[in-house]
Amino acid sequence: MGAGSWGTATAKVLVDAGTETTIWARRAELADQINTEHTNNDYLSGITLPAGLRASNSYAELLAEADIVVCAVPSQSLRDNLARWTPHLRPDATLVSLAKGVETSSLMRMSEVIAEVTGFGSDQVAVLTGPNLAREIAEGQPAATVIACADEDRAKELQSCFATGYFRPYSNTDVVGCEIGGAVKNVIALACGMASGVGFGQNTLATIITRGLAETIRLAVAVGAKIETLAGLAGIGDLVATCSSPLSRNRTFGAHLGQGATLEEAQEAANGQVAEGVKSCTSVRALAEKHQVDMPLTDAVHQVCHSGLSVSDAVSSLLGRTIKPEIYRD
């Protein structure tokens, strides 16, 4: 459900894994392009899609027969889309979230939004997350991911639906840890992009990634995650990929800000798309405040994006903080 870059790449994975798949595109002309030309030039130009991948812009007929529904719309629009989709869902369907974020209005994770809107139990809701840059996956480059679900058997069933020779899914039952890792990494990638845009080198980027991981772990543990999840693909794996790759929309968006662009100018440079972390930094920051978790990098990104703080002043603020131990001990 969603024909953006990651939704399309995931649909390609499913077809390559032998799973009969139809992708919902909001625009009829894009659905026609996928069906007739086997391409999605708007989001994955140059990639040939499998002939077996079907597309439609009518979600009602698709959902009525779908065993697995993969939600591939942005986090802040997921609730509104689900409200339209829910009457057409099969009661025994499995819902898989690809969105990485925390809802601004409710501070809910995506799996919580899905459960609340649909009325489905947590055992029917899964998340797919990891170091998965859409274009590399679509090109068939080797990668791994995590499929997390409270129902371990359901997670294992989903593994077989997504497993290909180039895409290796691991199962996990720590949905909270996987989702927090996915949400916060977008914010930290913005910070890395800002630092790169200013002209800072690898020492700075490594510092931001490492301290960003510390922030992620603190928040994840505070909301009930397992710390070992953040040492895996959904944590450090996703963080490194998103913070270091030029294919990362969040890193690239941050680089424009670091070079002096306004939020509007950075959006224009990104073909009108706003990086997920621009919105997530506000909700992640609010969630941290709710649980009394210190997240200085996240706070700095929020202030740059939404309070007019310059990147240079944000760096000065971070470096001027009180020195303290690297590892907190209670």
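Is Cys 161 buried or exposed? Cys 161 is buried, with a relative accessible area of 17%. The views below come from a predicted model.

**Figure 1. The whole protein: 15 helices and 7 strands.** The radius of gyration is 19 Å. The globule rule gives 20 Å for 330 residues, so the protein is as compact as a globular protein of that length. The C-alpha trace spans about 55 × 40 × 35 Å along its principal axes. Of the 330 residues, 51% count as buried. Among contacts with a separation of 6 or more, 71% join residues 24 or more positions apart.

**Figure 2. The surface and charges of the protein.** The exposed area is about 14,400 Å². Carbon and sulfur atoms supply 49% of that area. The protein carries 25 positive and 36 negative charges. The mean positions of these two sets are 4 Å apart.

**Figure 3. Cys 161 and Cys 149, two cysteines without a bond.** A disulfide is a covalent bond between the sulfur atoms of two cysteines. The cut-off used here is 2.5 Å between the sulfur atoms. For Cys 161, the closest cysteine sulfur belongs to Cys 149. That sulfur is 12 Å away, so it is too far for a bond. Cys 161 has a relative accessible area of 17%, under the 20% limit, and therefore counts as buried.

**Figure 4. Cys 281 and Cys 305, also unbonded.** The sulfur of Cys 281 has its closest cysteine partner in Cys 305. The two sulfur atoms are 4.6 Å apart, which is too far for a bond. Cys 281 is buried, at 0% relative accessibility. A search of the whole structure finds 0 disulfides.

**Figure 5. Helix α10 and its packing partners.** Helix α10 covers residues 233-244. Its buried residues are Ala 234, Gly 235, Asp 238, Leu 239, Ala 241, Thr 242 and Cys 243. An α-helix has 3.6 residues a turn, so residues three or four places apart point the same way. The buried residues of α10 pack against two strands, β5 (125-129) and β6. They also pack against the helices α8 (175-198), α9 (202-222) and α11 (249-258).

**Figure 6. Pro 142, an exposed loop residue.** Pro 142 sits in the loop between α6 (134-138) and β6 (143-149). Its relative accessible area is 76%. Exposed means over 50%, so Pro 142 counts as exposed. Gly 165 is 23 residues away from Pro 142 along the chain. The C-alpha atoms of Pro 142 and Gly 165 are separated by 7.9 Å.

Methods. Residues are numbered from 1 along each chain as its sequence is written. This is a predicted model: local features need pLDDT of at least 70, side-chain atom pairs count only at pLDDT 80 or more; totals for chains, interfaces and linings use all residues. Side-chain values use heavy atoms; hydrogens and water are left out. Helices (H or I, at least four residues) and strands (E, at least two) are DSSP runs, numbered from the N terminus. The radius of gyration is taken over C-alpha atoms; the globule rule is 2.2 Å times the number of residues to the power 0.38. Buried means under 20% relative accessible area, exposed over 50%, partly exposed in between (1.4 Å probe, protein chains only). Contact means heavy atoms within 4.5 Å. Accessible areas come from the Shrake-Rupley method with a 1.4 Å probe; for residues, only the protein chains shown count as cover. Lys and Arg count as positive and Asp and Glu as negative; His and the chain ends are not counted. The place of a charge is taken as NZ of Lys, CZ of Arg, CG of Asp or CD of Glu.
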